[in-house]
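Subject: Structure handover

Hello,

Here is the structure we spoke about, with my notes below it. Please read the notes with the model open.

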Amino acid sequence: MINDPTSTIAAQLAITIDGQQTTFTEGETIYQVSKRLQKDIPTLCYDDRLDAFGGCRLCVVEVEGIRNPVASCTTKANDGMVVKTAPPHIEKMRKTLLEMVASENRQIDVDPLRGLASQELATLVNKYGARGGRFAGAKSGTSNLQDANPFILRDYEQCISCYRCVRVCAEQEGDYAISIANRGFETQITTEFNNDLRDSDCTFCGQCIQTCPTGALADKKAIRAEALPEPIKKTRTVCPYCAVGCSIDLMTKGDKIVGAQPAMDGPANKGALCIKGQFTYDFIQHEDRLKKPLIKQADGTFKEVEWDEALKAAAAGFAKAKAKYGRHSIFGIASGRAPHEAAYSMQKFIRAGFGTHHIDNCSRA
Ligand code: SF4
Ligand code: SF4
Ligand code: FES
């Protein structure tokens, strides 16, 4: 018997969003399909790297046949669904939600150096004209400013309980260093036994900082540069520390590196970094950094010399070793703190200069 080939082709699923019909794949949410159509649905608890959570309710939309608005980030698209993303009553609801959040937070406008997503709340509050003050009463979140860790500011009076920090720590970093204690106005982001971060399982990867939409979690090192008058400039580069190749944006003010942020579209890291890529850039401008070459003297002390003299001394040392012990006696190790061009030059120097493959880089460790 010959099968009808058309019977094996799955029927296309279709949804209508703001009058526009489109197809979707089973399992996609209304938010994902709407985003593909470039609908501007506001979100605060959403991070597309994480499981949808449905906490902030800003992404609600109207679905024909369903009495109450539904959260588009957690509601799956269904065949034949008819959705309106921004009718007036939904926009009004969004504004009220933002006013509630804005009334509770001590500060809406925070410096962008706090973190990558830190401007999300302020941007939405401005868009909806939802500045604080409409609602008064209890406030949630107790800041943990005495946590003396050198990297993360824990300013929970800015917290809106979106739990992006807790979820990124669990789902992306696999660490579960932070969690949620209590409910309602008593809700608090905390560590095990409410210890400081240094005494928790935190690896200081910084992902919680970078996903926080209010600046409640902030990059302590970067915000030291808040007062510098120059504009922030971001330069896309690749972290040199190890062989993974995470994309980062180095942030500068004038000629000073003031911070690093992960690239959400970095093919190797998708917004993730480790403690080194995230926080350890200040050796570049450190006051102890050697700016002149030194030559070790017979008595063990170091003498500062000009580059010409240092290069001649190094060349003589290499030539002597090669003449005495052969080319394979030379072994080079390049530094993960050097730029990529220097690492390339180093391997060329060892391979072409001495004729040996004895070259490595600490980034392979
Ligand atoms: S600290 Fe930031 S990311 Fe974490 S729950 Fe509060 S607002 Fe959300
Ligand atoms: S820095 Fe990383 S490990 Fe530490 S709490 Fe934040 S996400 Fe978790
Ligand atoms: S983004 Fe959907 S509920 Fe927050």
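The notes below go from the domains to the ligand sites, then to one helix, one sheet and one loop residue.

Please keep in mind that this is a predicted model.

Domains. The protein chain splits into three parts: domain 1 covers 13-86, domain 2 covers 98-285 and domain 3 covers 294-364. Taken over C-alpha atoms, the centres of domain 1 and domain 3 are 59 Å apart.

Ligand 1. The shell around this ligand includes the run Cys159, Ile160, Ser161, Cys162, Tyr163, Arg164 and Cys165. Ile189, Cys212, Thr214, Ala216 and Leu217 also belong to the surroundings of ligand 1. By class, the shell has 9 nonpolar residues, 2 polar and 1 charged.

Ligand 2. This ligand has 13 residues around it, and the closest are Cys169, Asp175, Cys202, Cys205 and Cys208. Helix 4 (164-171) and helix 5 (207-211) are the elements that supply two or more residues to that shell. The shell of ligand 2 divides into 8 nonpolar, 3 polar and 2 charged residues.

Helix 4. Of the 8 residues in helix 4, 6 are buried, so the helix is largely enclosed by the rest of the structure. The buried residues are Arg164, Cys165, Val166, Arg167, Val168 and Cys169. Among them, Arg164 and Cys165 are also in the surroundings of ligand 1, while Cys169 is one of the closest residues to ligand 2. The cover over the buried residues of helix 4 includes strand 7 (178-181), strand 8 (188-191), helix 5 and strand 9 (217-219).

Sheet. Strands 10, 11 and 12 form an open sheet of 3 strands in the order 10-11-12, with antiparallel pairing. Strand 10 (232-238) and strand 12 (256-262) are the edge strands, each pairing on one side only. From one strand to the next, the twist averages 30 degrees. Strand 10 pairs with strand 11 (residues 247-253) over 7 bridges in the antiparallel sense. Isoleucine 232 is opposite lysine 253 of strand 11.

Glutamine 285. This residue sits in the loop between helix 7 (275-279) and strand 13 (294-296). Is glutamine 285 buried or exposed? Glutamine 285 has 11 C-beta neighbours inside 10 Å, and therefore counts as exposed. Leaving aside residues up to four places away in sequence, glutamine 285 touches Lys256 and Ile257. Its C-alpha atom is 10.0 Å from that of aspartate 255, which is 30 residues away along the chain.

Regards

Notes
Residues are numbered from 1 along each chain as its sequence is written. Chains are lettered from A and ligands numbered from 1 in the order in which they are written. This is a predicted model: local features need pLDDT of at least 70, side-chain atom pairs count only at pLDDT 80 or more; totals for chains, interfaces and linings use all residues. Domain bounds come from an automatic or database domain assignment. A residue is near a molecule or strand if its C-beta atom, placed from the backbone, lies within 6 Å of it. Ala, Val, Leu, Ile, Met, Phe, Trp, Tyr, Cys and Pro count as nonpolar, Asp, Glu, Lys and Arg as charged, and the others, Gly among them, as polar. Helices (H or I, at least four residues) and strands (E, at least two) are DSSP runs, numbered from the N terminus. Two strands pair if DSSP finds at least two bridges between them. Axes are lines fitted to C-alpha atoms, for helices over the stretch in contact, and angles run from 0 to 180 degrees between N-to-C directions. A residue is buried if 20 or more other C-beta atoms lie within 10 Å of its own, exposed if 12 or fewer, and partly exposed in between; C-beta atoms are placed from the backbone. Two residues are in contact if their C-beta atoms, placed from the backbone, lie within 7 Å.
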